[in-house]
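Please look through the structure below before reading on. The paragraphs after it take the chain as a whole, then its cores, its open and closed spaces, and some single residues.

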Amino acid sequence: MPHTTEPDEDNLDTITQPQPVFHVEQALLGALLLDPHRLDDVNGITADSFSSAAHAALYAAISNLPRPDPAEHAKNTTWLDRVLATALEEARGLTASYLHALVQVCPWPRHAPAYARMVEAEHARRRLLTAAERLVHTVHDASLPHPVQTALAEADALAAVVDDIANRFPPRSGVLPRTPAPPPTAADDTEAVEEEQLLLATATARPDDIDAVRWLLPDDLTMPLHAGLWQCLTTLARRDEPIDAVTVLWEAQQRGLLDDGREPGEVLRMLAEPAGSVGHWAERALRRSLLATAEHTGRRVEAYAGDSANTPFQLVAGARRALADIAAVRTRWQHAAGATPQQRRAAPATRAGPPTTTAAHAARPTRATR
């Protein structure tokens, strides 16, 4: 983000290490102050497109004031004085010397349309960055009563920004951001681990319920072992083979899930503590996966928009590819939300860990057979 001039700063002639867009804005404003009629050649930007309050106030004044007579404007500073007086209402630090400096630093007033396009491109990057930051913030806002719906709404808002930028800067095929996408955030959620273990154990005990949660994929689970075991369960169910802790363990061995030295007894113990319903734990896992995907999408777009070397074309292409991940999970979430109440039975009372009490064991369902 470039250094922005606050309205009450006194000296606008000395800005510490301004970013390129600051110089572009100065050149554009200088062109418009020198030749106000060139405003007719400028489109696609508003006062909000500028990176500093002072520049925004100047552009608003230039746009709103009646154009001066060219001959009179060449002879006196009357119109410039009116621009300054109007802009000072929003940016108190502006001075007449700064306006004259803007005129002096403009290389070619006839290049105003090109300068405006650059300002528009930088504004697009800032808009995209802001929308991505809002999405990430929403995912981590524990106060939200409906986090999934809110996150999806922010994802839609981000997509709307992308579409608007695409309309202004149509993407070129094959042009992706040069910025590497950040890796997914490592999962470190005790609750997620426990709930996934309950999902696996309950699905092992109630294999007939697995088909009702086809929308849950192995990648939705946070732990590689859990993802592998869920794949074992869905594969056995698809083959219509017997499912119990032993058959799942054998399938896990065939898939190399025990190659890291994991003890078979550990897997058997994990699969021996069912509780609640498969639909409930599956929906919890998918909800967590959707929010994790939304966060990763937001961080990807943040990384792209945070790199000023990326063009609007690249930002659109990269953001759309990132948003496609949310769309895929969203479709499955809609399938899950549309399940019948029988498929999404409520889980038992909240517990601190895996079921070990007599009550929890009493709630364990009769193991289904095939």
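A residue counts as buried when its relative accessible area is under 20%, and as exposed when that value is over 50%. Glutamate 251 has a relative accessibility of 9%, so this residue counts as buried. The model shown here is predicted, and the same term will be needed for other residues further on.

Start with the whole chain. The protein chain contains 14 helices and 0 strands. Read from the N terminus, the order of elements is therefore α-α-α-α-α-α-α-α-α-α-α-α-α-α. Of its 370 residues, 45% count as buried. Contacts between residues at least 6 apart in sequence can be sorted by how far apart the partners lie along the chain: 76% of them join residues at least 24 apart.

Next come the nonpolar cores. The largest one has 65 residues, and the members that touch the most others are Leu128, Leu216, Leu229 and Trp230. At least two residues of this core come from each of helix H6 (112-139), helix H7 (147-168), helix H8 (190-205), helix H9 (224-238), helix H10 (245-254), helix H11 (264-270), helix H12 (278-305) and helix H13 (312-337). H12 gives the largest share, 11 residues. A second core, separate from this one, has 36 residues, among them Phe50, Ala61, Leu80 and Leu102.

Trp230 can serve as an example from the largest core. Which residues are in contact with tryptophan 230, leaving aside its neighbours within four places in sequence? They are Leu199, Leu200, Ala203, Ile210, Val213, Leu216, Leu217, Pro218, Leu221 and Val278. Leu216 appears here as a partner of tryptophan 230, and Leu216 is also listed with Trp230 among the core members that touch the most others.

The open and closed spaces follow. The largest pocket has a volume of about 910 Å³. It is lined by 33 residues, of which Arg288, Leu291, Ala292, Thr293 and Glu295 are the closest to its centre. H8, H12 and H13 are the elements that give two or more residues to this lining. The largest share, 11 residues, comes from H12, the helix that also supplies the largest share of the largest core. By class, the pocket lining divides into 13 nonpolar, 7 polar and 13 charged residues.

There is also 1 cavity of 30 Å³ or more, and the space inside the largest cavity is about 30 Å³. Its lining consists of Leu80, Asp81, Leu84, Ala96, Leu99 and His100. Helix H4 (78-88) and helix H5 (96-105) are the elements that give two or more residues to this lining. The lining holds 4 nonpolar, 1 polar and 1 charged residues. Leu80 lines this cavity and is also a member of the second core.

Now return to glutamate 251, which is found in helix H10. Leaving aside neighbours within four places in sequence, glutamate 251 is in contact with Cys232, Thr235, Leu236 and Arg239. Its C-alpha atom is separated by 9.5 Å from that of glutamine 231, although the two residues are 20 apart along the chain.

Alanine 151, in helix H7, can be described in the same way. Its relative accessibility is 0%, so alanine 151 counts as buried. Outside its neighbours within four places in sequence, alanine 151 is in contact with Leu135, Thr138 and Leu291. Leu291 was named above as one of the residues closest to the centre of the largest pocket. Between the C-alpha atoms of alanine 151 and valine 139, which are 12 residues apart along the chain, the separation is 6.2 Å.

What of the cysteines? A disulfide is a covalent bond between the sulfur atoms of two cysteines. The structure holds 0 disulfides. Cysteine 106 has a relative accessible area of 9%, so this residue is buried. Cysteine 232, one of the contacts of glutamate 251, has a relative accessible area of 0% and is therefore buried.

The last residue is aspartate 240. Is aspartate 240 buried or exposed? Its relative accessibility is 55%, so aspartate 240 counts as exposed. This residue sits in the loop between H9 and H10. Aspartate 240 has a positive phi of about 60°, although this residue is not a glycine.

Notes. Residues numbered from 1 in each chain as written. Predicted model: local features only at pLDDT ≥ 70, side-chain atom pairs only at ≥ 80, totals over all residues. Heavy atoms only, no water. 1 Å grid on protein atoms, 1.4 Å probe; cavity = no way out; pocket = protein on both sides within 12 Å on 5 of 7 lines; lining within 4 Å. Points joined across faces, edges and corners; volume = space filled by probe spheres on them. Helix = DSSP H or I, 4+ residues; strand = E, 2+ residues; numbered from the N terminus. Nonpolar A, V, L, I, M, F, W, Y, C, P; charged D, E, K, R; others polar. Core = buried A, V, L, I, M, F, W, Y, C linked by side-chain atoms within 4.5 Å. Buried < 20%, exposed > 50% of the residue type's maximum accessible area, 1.4 Å probe, protein only. Contact = heavy atoms within 4.5 Å. Disulfide = S-S within 2.5 Å.
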